[in-house]
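User: I'm new to this structure and would like a close look at a single part: the place where the two chains meet. Could you walk me through it in one go?

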Protein chains: 2
Amino acid sequence: MHRDEPLRSELVYRPIGVVHSPFRELAEVPKQPFDAPDVRGLVEIDPPFRAGLADLEGFSHVFLLCHLHRAGEARLVVGGDRGTPRGVFATRNPRRPVPIGLSLVRLIAVQVDGLEIAGPDILDGTPLLDVKPYVPAFDARPSATIGWLAGRPGLDRPSDR
Amino acid sequence: MHRDEPLRSELVYRPIGVVHSPFRELAEVPKQPFDAPDVRGLVEIDPPFRAGLADLEGFSHVFLLCHLHRAGEARLVVGGDRGTPRGVFATRNPRRPVPIGLSLVRLIAVQVDGLEIAGPDILDGTPLLDVKPYVPAFDARPSATIGWLAGRPGLDRPSDR
């Protein structure tokens, strides 16, 4: 395998907005959206990007990609549940080399300046990088196996939220 | 709503590796992983990050977050299928303000230096930002509704791949 040198270079992104949620401290944030399915949040999209919200009506769920601005220093091995160390790429821990979070949330309403959502596992004030529509044919694999997470409470089946 | 000024600032990320696939040109890349479920690919993780691969064994699927290095200039309104213009955040089109791709692929094998995968909808040489384990409880919503995509061939149910 070979690689071109430019692929190693740094990437510069500018956020497109910010997520507002009731969670002001990391300890308050649910570990995943299904832990707080009825919590509401607002996705504020900055004016230059609002035209990109067209046609989101009718999607029940969206992915939010966020910059985890308060994740802290990256680690390659993190504490899994029950204290066992786990490779970070086998976890959803925020302390990742590239601190981007992936959150699946319910889309409640599309507004001129952003989105009303339910179920954010996101700290208030988190910079937003992208919104993607959730499409089961692309994104739903209900029978996927979950390695070391098998048998953990609540992880044995897809959420219905 | 208010926001702190630092949230608008630019973010700098360094890729953790690169994706190798049979697709050398954009026109060859399937639109989503399920369009080429048996195509194989390799996810090469750079040496400083390889320790983070521990414990991925047993997960049948992973998400790859990639920098879409050949997406071209961002657009807020893109051609949907059948030529109808659509807001980019209601599509999975790569020409996004922040050009990050989200791909769900099957995990075939975990190696010392990376991952063997199946089903990449990814151009050969694409910089890799993150690997996340796929967990149905977090990520599978088989009954999600899909807005303007409703009725499109192949999108009426979750893939079994």
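Analyst: One term first, since much of the story leans on it: a residue counts as buried when its relative accessible area is under 20%, as exposed when that area is over 50%, and as partly exposed in between. Also keep in mind that this is a predicted model.

Let's start with B:Asp130. It is buried because its relative accessible area is 0%. What does its side chain meet? One partner is A:Arg96, in a salt bridge with 2.6 Å from N to O. That pair crosses between the chains: A:Arg96 sits in the loop between β6 and β7 of chain A, while B:Asp130 belongs to strand β9 of chain B, residues 126–133. A:Arg96 is buried too, since its relative accessible area comes to 2%.

B:Asp130 has another partner, this time in its own chain. Its side chain and that of B:Lys132 meet in a salt bridge at 2.9 Å, N to O. With a relative accessible area of 3%, B:Lys132 is buried as well. Put the pieces together and you get a network of salt bridges linking A:Arg96, B:Asp130 and B:Lys132. As background, side chains of opposite charge can pair when their charged atoms come close.

Now swap the chain letters. The side chains of B:Arg96 and A:Asp130 also meet in a salt bridge, here at 2.7 Å from N to O. This one runs from the loop between β6 (85–87) and β7 (100–111) of chain B over to strand β9 of chain A. Are these two residues buried or exposed? B:Arg96 is buried, because its relative accessible area is 2%, and A:Asp130 is buried because its value is 0%.

B:Arg96 also leads us to a neighbour, B:Ala74. Setting aside residues within four places in sequence, B:Ala74 is in contact with B:Arg95, B:Arg96 and B:Pro97. You'll find B:Ala74 in the loop between β4 and β5 (77–79) of chain B. It counts as partly exposed because its relative accessible area is 39%. How far is B:Ala74 from B:Asp130? The two are 56 residues apart in sequence and 22 Å apart in space, C-alpha to C-alpha.

Back to the charged pairs between the chains. A:Asp55 forms a salt bridge with B:Arg86, and their closest N and O atoms are 3.4 Å apart. A:Asp55 lies in the loop between β3 and β4 of chain A. It is partly exposed, because its relative accessibility is 24%. Its backbone has a quirk: phi is near 75 degrees, a positive value in a residue other than glycine. Over in chain B, B:Asp55 has a positive phi of about 75 degrees, although it isn't a glycine either. B:Asp55 is in the loop between β3 (40–45) and β4 (61–67) of chain B, and it is partly exposed because its relative accessible area is 23%.

So how many salt bridges are there across the interface of chain A and chain B? The count is six, while over all chains it comes to 16. Polar contacts add to the picture, with 34 residue pairs found across the interface. On chain A's side, the elements that give two or more residues include β1 (11–13), β4 (61–67), β7 (100–111) and α1 (136–139). The biggest giver is β9(A), with six residues. By type, the residues on that side divide into 48 nonpolar, 19 polar and 17 charged.

Stepping back to the whole interface, 84 residues of chain A are in contact with 85 residues of chain B. The size of an interface is often given as the accessible area lost when the parts come together. Here the area buried between chain A and chain B is about 7,900 Å², with carbon and sulfur atoms giving 65% of it. A:Tyr13, A:Phe89 and A:Arg141 supply 11% of what chain A buries against chain B, more than any other three residues.

A:Phe89 turns up again next to B:Leu56. Not counting residues up to four places away in sequence, B:Leu56 touches A:Phe89 and A:Ala90 from chain A, along with chain B residues including B:Val62, B:Leu107 and B:Val131. B:Leu56 also belongs to the largest nonpolar core, which has 82 residues; A:Leu56, A:Leu64, B:Leu56 and B:Leu64 touch the most other members.

Key
Residues numbered from 1 in each chain as written. Chains lettered and ligands numbered in written order. Predicted model: local features only at pLDDT ≥ 70, side-chain atom pairs only at ≥ 80, totals over all residues. Heavy atoms only, no water. Core = buried A, V, L, I, M, F, W, Y, C linked by side-chain atoms within 4.5 Å. Buried < 20%, exposed > 50% of the residue type's maximum accessible area, 1.4 Å probe, protein only. Contact = heavy atoms within 4.5 Å. Buried area = accessible area lost by both parts, 1.4 Å probe. Salt bridge = Lys/Arg side-chain N within 4 Å of Asp/Glu carboxyl O. Polar contact = N/O pair within 3.5 Å; in protein donor to acceptor, adjacent residues only side chain to side chain. Helix = DSSP H or I, 4+ residues; strand = E, 2+ residues; numbered from the N terminus. Nonpolar A, V, L, I, M, F, W, Y, C, P; charged D, E, K, R; others polar.
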